[in-house]
Amino acid sequence: MHTNKVRVRFAPSPTGGLHLGGVRTVLYNYLFARQHKGVFIVRIEDTDQSRFVPGAEEYIFNCLKWAGLEPDESVVQGGKYGPYRQSERKPLYRKYAEQLVADGHAYYAFDTPEELDKMRADFKTEQNPSPQYDQHIRGRMRNSLTLPPEEVKHLLDSGAPCVIRIKMPADEVVSFTDMIRGEVNFNTSVVDDKVLLKADGMPTYHLAVVADDYLMEITHAFRGEEWLPSAPVHVLLWKYLFGIDKMPQWAHLPLILGPNGKLSKRDGAKYGFPVFAMNWTDPKTNELTEGFKEKGFLPEAFINMLALLGWNDGTGQEIFTKDELIEKFSMERVHSGGAKFDYEKAKWFNHEWIKQSEPAKLRQQVKQVLAAKNIPAADDLLLDKVILLVKERCHLLTDFAEQAAFFFVAPETYDMDAVKPKWNESKQLFFTEIIRNFELAIVWNAPDLEHNFKEIAAANHLKPGEVLLPFRIMLVGGKFGPHVFDIATLLGKQETIRRIKHFLSLLQ
RNA sequence: GGCCCGUUGGUCAAGGGGUUAAGACGCAUCCCUUUCACGGAUGAAUCACGAGUUCGAUUCUCGUACGGGCUACCA
């Protein structure tokens, strides 16, 4: 049954938007799997039924699809290790928990939520603000370790609500080797008796992750650093249940920090930059949180940026294609320290990707951006030329709306302040002459246009600079855009003349 | 509070006993460009602090400080 094939998994709980850190975990899983010709699995961790959020699961897969990080096995792709949704695996877990009880590594606990609250309140001191259900406390609680066997049997038989807790050893050192951090040690004396199986029969993450990683033959397990403190529980579970030699290799990824510590789903919209891969609408509040996709990011750039957030190949190279990442990524070169997310740098990555993309590659996305602003761009040939001309000044795909619009529709407003104060009779004459000259033009290209333009300017005793800016405003509406003669070329003879005439009429 | 993880410029970071301590983002100035960008150039770090090991520590060890995470019948 066991193979040597690399099998990794991303195990999200479908409770809301998929944020940066989640996508990066997916990415590292994906890259690792591809590099080792292994299998990438997505397993849905939906054991907490109270946190079910409709649509969240589908949303996650949409994000993965957009990012180009689709799994080989999952609820969508299927596979031989299913079901891939833990809620559908519910019957599998109980036997492992019971086995642990039978082996003396776990016990039944009958404490009610109220009793647990009371315990926490009673034992709370300044020295110990959050008392745990651990070896010091379990002797005072209602569980199969403290209750007489007959009573335990009675409670069990009568179906009294009960959980199964791991019985942490009194004083053992649990250690394992993390692929990023090296050897990590914990003393079991300070780890609490985590619940393994909940009263509703569902496993907690702790039991589920171990059982499913075993059942799905996971060879390498990557997750966020926030899981490090509970790693000893998982290591012990592996030891008790399946043998430590079968345990996957762990890598605890450094956290991606926001301005105030760990990025959280809750604060999704409050940072001034996106944290989710794609737009997420909370089904309860109907609140929309903007995603990187909708903000105007290219998936290639998004992935590239995420890969470099915590990893680099040591050469200084920053722009990587997905294939390059697959080839060069290594878990050993992942940083151990958390990284503060820098939105400016993220935009730089996107800019780089836009600049080096062929117009045809950007065409559909740019079309969508323009369509959203009701700007028609049906002519692909024209659109491609426009994209080529303006892409270097677009950091986000949405920037194309401003940078490309005037090629398709005449400006609605003009920066009059840049023209009017310096307008005079000779400029007026110059542009009427330009119109005549353009109307007679047989060839229509940038060099000839520029040549004629400057020659006429000289004949009118005008410096080119005096009339270049007004000309730009006439065509574009503002002080921006590519070289003005390139714009006129693409606009075409009729439209260029039309815009000059129109602007001249506005000046009257 | 306890436990765990971290700490090289504002941010991402290379380097892991002897270096002028890379590079990128951002910022500033300049060049190019009679718009805006692109491109190019230049500028900015006593490697958190204190001990120790050493001929020599940014690099190794230990403390301290600071930052972060965890401390639920959530993941």
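The legends below describe chain A as a whole and then several close-up views of it.

This is a predicted model, in which local features need pLDDT of at least 70 and side-chain atom pairs count only at pLDDT 80 or more, while totals for chains, interfaces and linings use all residues. Residues are numbered from 1 along each chain as its sequence is written, chains are lettered from A and ligands numbered from 1 in the order in which they are written, and side-chain values use heavy atoms, with hydrogens and water left out.

**Figure 1. Overall view of chain A, with 19 helices and 14 strands.** Helices (H or I, at least four residues) and strands (E, at least two) are DSSP runs, numbered from the N terminus. The radius of gyration of chain A is 32 Å, well over the 23 Å given by the globule rule for 508 residues, so the chain is more spread out than a compact globule; the radius is taken over C-alpha atoms, and the rule is 2.2 Å times the number of residues to the power 0.38. Along its principal axes, the C-alpha trace spans about 110 × 45 × 40 Å. Of the 508 residues, 52% are buried, where buried means under 20% relative accessible area, exposed over 50%, and partly exposed in between (1.4 Å probe, protein chains only).

**Figure 2. Close-up of helix α9, residues 299–308.** Nine of the 10 residues of this helix are buried, so α9 is largely enclosed by the rest of the structure. Among these buried residues are Pro-299, Phe-302, Asn-304, Met-305 and Leu-308. The buried residues of α9 pack against α1 (20–35), α2 (56–67), α8 (292–295), α10 (322–328), α11 (343–356) and α12, contact meaning heavy atoms within 4.5 Å. Just after α9, Gly-310 takes a positive phi of about 120 degrees.

**Figure 3. Close-up of Pro-359 in helix α12, residues 359–372.** Pro-359 has a relative accessible area of 10% and is therefore buried. Leaving aside residues up to four places away in sequence, Pro-359 touches Asp-384, Ile-387, Leu-388 and Lys-391. Pro-14 is 345 residues from Pro-359 in sequence, and the two lie 37 Å apart in space, C-alpha to C-alpha.

**Figure 4. Close-ups of the cysteines Cys-162 and Cys-394.** Cys-162 counts as buried because its relative accessibility is 11%, and Cys-394, at 0% relative accessibility, also counts as buried. The structure holds zero disulfides, a disulfide being a pair of cysteine sulfur atoms within 2.5 Å.
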